[in-house]
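Biologist: Please take a close look at the largest pocket and its lining. Then set it beside the packing of the nonpolar cores and the aromatic rings.

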Amino acid sequence: MEETLMKTIDYHNVSILHEDYSVLKDVCFTTEEGEMVYLLGSVGSGKTSLIKTIYGELPIEDGHARVLGEDMMRIKTSQLPALRRRIGIVHQDLKLLPDRTIYDNLDFVLRATDWKSKEQRRTRINELLEWVELADSAQKYPHELSGGQKQCICICRAILNSPHLILADEPTGHLDQESGEKVMALLDEIRRKNNCTILLATHNLQWPVDFPGTVYECRDAQLIKESQTHNEE
């Protein structure tokens, strides 16, 4: 019997507005656990707006939309924090706190998500910093790290709570090729090891070649499925 994978995102005929402007309409797409999914498209085509609807920052105008089983058309504001704890977000502009060390940046997230034990928080943070080979940078501040190192820290922050879904908005857009490849390799490793869905907005057409997955393009207010390739496990 073939195994049925859980749908992490399930959108049908979804319309998305931003400041009363129709960004995307009749969006139909689904993602499954363990899938790598790419969003391509020019600046202003709707990639970021689509991502924002998935974690509830931007409301959906109409249609059917479920994220990790939650009905995004009916979800209450008070329920969003619980959903967001199951989603890891890698922002393009990093959003690291400049006045806190790398360790304190990560500890801030754990404390905000109800990790009461200081020892458990320390263990989790050290585990992830060792994974990205930045254990020696725990007491450094963000401005002391390179762009690639800071993005690796952002990935650590996104997976602190072992999410089922990671949303990455241009995570390699400001990085050189070598740093970008490292970031993509880390994300792909998370996908494989944790059976986690990765939804990644990018302009880099090489990533779907190097790290295969399902490719969509935001174009002319539509979300168009371009191709699908199989990941080598």
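Modeller: A pocket here is an open set of points on a 1 Å grid over the protein atoms alone, where a 1.4 Å probe fits, with protein on both sides within 12 Å along at least five of seven lines; lining residues have an atom within 4 Å of a point. The model is predicted, so local features need pLDDT of at least 70 and side-chain atom pairs pLDDT 80 or more, while totals for chains, interfaces and linings use all residues. Numbering runs from 1 along each chain as its sequence is written, and side-chain values use heavy atoms, without hydrogens or water.

Start with the pocket. Its lining has 20 residues. R84, I87, I89, V109 and R157 lie nearest the centre. The volume is about 620 Å³, taken as the space filled by probe spheres set on the points, which are joined across faces, edges and corners. By type, the lining splits into eleven nonpolar, five polar and four charged residues. (Nonpolar covers Ala, Val, Leu, Ile, Met, Phe, Trp, Tyr, Cys and Pro; charged covers Asp, Glu, Lys and Arg; the others are polar, Gly among them.)

Now the elements, which are DSSP runs: helices (H or I) of at least four residues, strands (E) of at least two, numbered from the N terminus. α2 (80-84), β6 (87-90), α3 and α5 each supply at least two lining residues. α3 gives the most, with four.

Next, the largest nonpolar core, with 40 residues. Such a core joins buried Ala, Val, Leu, Ile, Met, Phe, Trp, Tyr and Cys through side-chain atoms within 4.5 Å; buried means under 20% relative accessible area with a 1.4 Å probe, protein chains only. Y38, I153, I166 and L187 touch the most other members. Elements giving two or more residues include α3 (102-112), α5 (147-158) and β7 (165-169). α5 has the largest share, six residues. A second, separate core holds 32 residues, V14, V67, L165 and L223 among them.

I166 itself touches G88, V90, I159, L187, I190, C196, T197, I198 and L199, residues up to four places away in sequence not counted. Contact means heavy atoms within 4.5 Å.

Last, the rings. The structure has three aromatic pairs, with ring centres within 6.5 Å; plane angles over 60 degrees count as edge-to-face, under 30 as stacked, the rest as tilted. Y11 and F29 are edge-to-face, at 5.5 Å and 75°. Y11 sits in strand β1 and F29 in strand β2, so the pair ties together parts 18 residues apart in sequence. Both Y11 and F29 are buried. Y11, F29 and Y216 form one aromatic cluster.

Definitions and conventions. Buried means under 20% relative accessible area, exposed over 50%, partly exposed in between (1.4 Å probe, protein chains only). Rings of Phe, Tyr and Trp (its six-membered ring) pair if their centres lie within 6.5 Å; planes under 30 degrees apart count as stacked, over 60 as edge-to-face and the rest as tilted.
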